[in-house]
Amino acid sequence: MIDSKQFRNTMGKFATGITIITTVENSKVHGMTANAFVSVSLDPPLVCVCIDHKAKMDELLSKTKRYGISILAENQQQISQHFAGRPMEIAPSFIWEKDLPFIEHSIANMACMVVDKHIAGDHTLYIGEVKWLSNSDEGKPLLYYGGKYRLIS
């Protein structure tokens, strides 16, 4: 039997970028921090986000069938913490594309339509087809490794 704490610590050895997943329901913006994000396919362009069943975003994505991905820059740690359930004294700024909000000044953004979802343990995997994207040649990504935020030096 694999101990869940040991599994989490082992997976923490894999460095990941930090994203904010956003959607809109009844004109209200909802967002959450996620590092469980991966490219799935180039043709068609597909990505996957993994959402815990306990997270409100799981219910929201099942309803809205669309989401935005904002890949955070190295100076956006407070935004990550804010959307990870540790509200900060900040007012996140959004830009809008394809009727979805994206974190302003993030280094890349993607608008996705849910094309499939799979239950996997205590998470739902939302496969999204990328319908719009944008990226910047400026800035470096915010990383997560070993349970801590990290920067590329």
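## Strand pairing, a large pocket and selected contacts

Strands β5 and β10 pair in the antiparallel sense over 7 bridges. The model is a predicted one, and the description below starts from this pairing. Within it, Ile-51 has Thr-124 of β10 as its bridge partner. Strand β10, which covers residues 123–135 and contains Thr-124, also pairs with strand β9, residues 108–120, in the antiparallel sense and over 12 bridges. Here Ile-119 is the residue that stands opposite Thr-124 in β10. The hairpin of β9 and β10 has 2 residues between the strands, and in this hairpin Gly-121 takes a positive phi near 60 degrees.

Is Thr-124 buried or exposed? Its relative accessibility is 2%, so Thr-124 counts as buried, the cut-off for that class being under 20%. The side chain of Thr-124 nevertheless has a polar partner, since a polar contact of 3.0 Å joins it to the side chain of Asp-58.

A second set of polar approaches involves Ser-41, a residue of strand β4. Its side chain reaches the backbone oxygen of Pro-44 at 2.8 Å, and a polar atom of the same side chain lies 3.3 Å from the backbone nitrogen of Asp-43. Ser-41 can also be placed relative to Glu-129, from which it is separated by 88 residues in sequence and by 9.1 Å in space, C-alpha to C-alpha.

A further sheet is open and has 3 strands in the order β1-β11-β12, with antiparallel pairing. Strands β1 (16–17) and β12 (148–151) stand at its edges, and because each has a single partner strand, one side of each is left without a neighbour in the sheet. The pairing of β11 with β12 is antiparallel and runs over 4 bridges, with Leu-151 in β12 as the bridge partner of Leu-142.

The largest pocket has a volume of about 1500 Å³. It is lined by 36 residues, of which Arg-8, Ala-34, Asn-35, Ala-36 and His-123 are the closest to its centre. Two or more lining residues come from each of α1 (4–11), β3 (28–34), β4 (37–41), β5 (46–52), α3 (77–83) and β11 (142–145). The largest share, 5 residues, is given by α1. By class, the lining comprises 18 nonpolar, 13 polar and 5 charged residues.

The structure also holds 3 aromatic pairs, including the two set out in the table.

| Aromatic pair | Geometry | Centre to centre | Angle between planes |
|---|---|---|---|
| Phe-83 and Phe-94 | edge-to-face | 6.5 Å | 65 degrees |
| Tyr-144 and Tyr-149 | edge-to-face | 5.3 Å | 80 degrees |

The pair of Phe-83 and Phe-94 links distant parts of the chain, with Phe-83 in helix α3 and Phe-94 in strand β7 (residues 94–97), 11 residues apart. Phe-83 has a relative accessibility of 14% and therefore counts as buried, whereas Phe-94, with a relative accessible area of 27%, is partly exposed. In the tyrosine pair, Tyr-144 is partly exposed, with a relative accessible area of 28%.

How values were computed. Residues are numbered from 1 along each chain as its sequence is written. This is a predicted model: local features need pLDDT of at least 70, side-chain atom pairs count only at pLDDT 80 or more; totals for chains, interfaces and linings use all residues. Side-chain values use heavy atoms; hydrogens and water are left out. On a 1 Å grid over the protein atoms alone, a cavity is a set of points where a 1.4 Å probe fits but cannot get out, and a pocket is an open set with protein on both sides within 12 Å along at least five of seven lines; lining residues have an atom within 4 Å of a point. Grid points are joined across faces, edges and corners, and a volume is the space filled by probe spheres set on the points. Ala, Val, Leu, Ile, Met, Phe, Trp, Tyr, Cys and Pro count as nonpolar, Asp, Glu, Lys and Arg as charged, and the others, Gly among them, as polar. Rings of Phe, Tyr and Trp (its six-membered ring) pair if their centres lie within 6.5 Å; planes under 30 degrees apart count as stacked, over 60 as edge-to-face and the rest as tilted. Buried means under 20% relative accessible area, exposed over 50%, partly exposed in between (1.4 Å probe, protein chains only). A polar contact is a pair of N or O atoms within 3.5 Å; within protein, one must be able to donate a hydrogen and the other to accept it, and residues adjacent in sequence count only if both atoms are side-chain atoms. Two strands pair if DSSP finds at least two bridges between them.
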